[in-house]
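This report describes the overall dimensions, secondary structure, burial, surface and charge distribution of a protein model. The structure is shown first, and the description follows.

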Amino acid sequence: MPAEASLPKLVDEIVERHRYEDYALVGILQDLQKELRWLPREVLRQVADRLDVPLSRVYAIATFYKAFSLKPRGKHLMLSCQGTACHVRGGARILENVERQLGVKTGETTRDGQFTVEKVRCVGCCSLAPVVMINADTHGRLTSDKLMKIIKKYE
Amino acid sequence: MKIRTMNDLYAARQAGIASLYPAKTKFTVSTATCGLATGARPVLDAVKEEARALGADLIVSQAGCIGFCEVEPVVLVYCAPGLTLVYKEMNAEKARELVREIMKGNAKSEWALCKILVNGTTDGKPAGPSRETARWLELASGIPAIEDVGFYRKQMKIALRNCGFIDPNNIEEYIARGGYTTLHKVLSQMPPERVIGEIKESGLRGRGGAGFPTGMKWEFCRKAPGDEKFIICNADEGDPGAYMDRSILEGDPHSVLEGMIMGAFAIGASQGIIYVRNEYPLAIENLTTAIRTAEARGLLGRDILGSGFSFAIKLSRGAGAFVCGEETSLMASVEGRTGEPRQRPPFPAQKGLWSKPTNINNVETWANVPEILARGGKWYAGIGSEKSKGTKVFSVVGKVKNTGLVEVPMGISLREIVFDIGGGILDGRKFKAVQTGGPSGGCIPERLLDVPVDYEKLTETGAIMGSGGMIVMDDRTCMVDVARYFLDFLKEESCGKCVPCREGIHRMLELLENICQGKGAEGDIELLEDIGAAVKDFSLCALGGTSPNPVLTTIKYFRNEYEAHIKDHKCPAGVCRALISYSISKEKCTGCGACVKVCPAEAISGEKKKPHALSPAKCIKCGACEETCKFGAVLVT
């Protein structure tokens, strides 16, 4: 995450890349979140200001779409897939076990800031259910045991 | 260099043939998401390293998924003209050995899945078979041909024709397999009406779920008044359990681009948008590359193939909202608004994106288009059943042995898909149901397994064709829990705009949660049916309108399971925690202690090598012991 001072600059750059078009709002927030991992309040304000749209509209987008987070996320984002194939093959059990082992609930971040655990509706890797995605990597055919070993590699 | 003439295309095709069917041995590693998730990256590295270490003169390439995800990571070895050997379940160590053995002239038959022999010397096909091919065929005599492998025998690949066989980032390999050649024919020789005529004749229907005839949709949009029109590719594959669109985008993105260009030409659109889910990073990457390459080669942008026709494609990324798969929500999202649906009519063909006439088809539909125009609508209409033509891709997943993507002619029975292709149920358990159509679909029981796969026939069962997810369920899947699962999904995904969907789903979910916790009451089933009927009739969009399907079909076919939960406070499948208890079989327990290690509640104890005991008071019913036990000694009652 860039230093405090460079935040406004980053927002300006990204908004400019999208040519100040308000229809690009979803894309702008995605690009910002890619850099920051979450969307701080002042960033949303600045986006609204630069696009000349009400803050309520930016907030509506940021809360309607599940990919956006208004809370800081950890260094690694773990998305536990809860698609149908994962569900029938024990995906919920995997998620519970992760919560227990890392000491967090879904949507929370570990105290050391390493992991944020979230659930996701199908990552499209159903043949290898149950599956989790850590950052951009997909891990399949999981058991609780196997997942804990994978987590260790990220720590 | 831009491709403008047939000669330019021919040159690109020659380059593609040289890369697809080289004179040297070629190793191709399947590096789609399913491959990468099972370790394709280390396999790829190992192949490269070993080749370097041996000083072996071989080519290493990458491709998408060949569909049989269960046996990933997969490596294809092109060892002689026309002959490819397919190896399954590779790892880095095996990959190194495979390189050594192949270079020594050993087919390593015991690791092979199948062999693929392509005959012929015509354009686009490898030269051969040669003496070298005959020698390798002899070496590979113990390896079954792909047609003889149960998983592939009944398949017919049209939409997936290139997946797993070409490098998705190499446009020339796509051209070598006939790609963009039909586009040249379309742009130079076919009037738009004839293009639409061919699609109409083919009988192609939307593969995203609703099954609307594609040719008719195109015609509506073409005839709609307006100078500016849009084409959209719906790649927001949201149905849990379906992933064919991901595989096509990752493995063969140009087939989608080519289909879209053809559709744009037929309709008269100059701008296209691909709305792709954010959860598919590799698909986004490969699509981006494909668009850039197609632009650089003059296949997208101004004056495509020197025809005077111009068309551009932009990517628009979804942000994790299931409802955006619905076309009016999707367009709202592209316009930078919250993805809420609106009433139809007006249909997108009249008033779509930015209020302009718009045509939306999904990935699989677009991928079929080039092949239909190459071989003719009549050819396509000759495949499939009376009202459902052609093939459909299904993702066969869940409690089935051979998980993967299968493309089959319409009209094939569910039984053939689950048992002949899917290989039957995992761990020798009993089949209970197959769930099709995602949260809009339903659960089809064993007695209806001979129903042919066809839009109308599947709808008659109460389920739908949907986008092609086929989740197989066994006797350890609780149907009440499945219904609860889908409503829980939909409760979070309902956009909240209309009351029947927002409130109806909530109420049905409450009832189902109660039933799963053993707190169901007499009359709950009837109440679910009543609410379901109302939600079905009065919701604004398809998300709400189809949301009761999982509940209604499970009640229809598995009413006894609901009754067992409500009246006997039992979950026959052993899933609903409030209604089950765990114990350890004295006969089966070997005292290995594996369960003790994984139990988070310290509920299991016992001496080593002697049967263990489980304390019901401490047990939190997480199921970790059952998952771990290799002897089936953990009992659920």
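In this predicted model, chain B comprises 637 residues, for which a compact globule would have a radius of gyration near 26 Å; the value for chain B is 26 Å and therefore agrees with that expectation. Along the principal axes, the C-alpha atoms of chain B occupy a box of roughly 75 × 65 × 40 Å. The secondary structure of chain B consists of 25 helices and 18 strands.

Chain A contains seven helices and four strands. Read from the N terminus, its elements follow the order α-α-α-α-β-α-α-β-β-β-α. Its C-alpha atoms fill a box of roughly 50 × 30 × 20 Å along the principal axes.

Burial is given for each chain in the table.

| Chain | Residues | Buried residues |
|---|---|---|
| Chain B | 637 residues | 61% |
| Chain A | 155 residues | 58% |

Contacts between residues at least 6 apart in sequence describe how each chain is connected. In chain B, 71% of these contacts join residues at least 24 apart. In chain A, 58% of these contacts join residues at least 24 apart.

As to the surface, chain B has an accessible area of about 23800 Å², and carbon and sulfur atoms account for 50% of it. Chain A exposes about 7100 Å², of which carbon and sulfur atoms supply 50%.

How far apart are the mean positions of the positive and negative charges of chain B? For its 79 positive and 76 negative charges, the separation is 1 Å. In chain A, the mean positions of 25 positive and 19 negative charges lie 10 Å apart.

Note on methods. Residues numbered from 1 in each chain as written. Chains lettered and ligands numbered in written order. Predicted model: local features only at pLDDT ≥ 70, side-chain atom pairs only at ≥ 80, totals over all residues. Heavy atoms only, no water. Helix = DSSP H or I, 4+ residues; strand = E, 2+ residues; numbered from the N terminus. Rg over C-alpha atoms; globule rule 2.2 N^0.38 Å. Buried < 20%, exposed > 50% of the residue type's maximum accessible area, 1.4 Å probe, protein only. Contact = heavy atoms within 4.5 Å. Areas by Shrake-Rupley, 256 points an atom, 1.4 Å probe, with all protein chains shown as cover. Lys, Arg positive; Asp, Glu negative; His and termini not counted. Charge placed at Lys NZ, Arg CZ, Asp CG, Glu CD.
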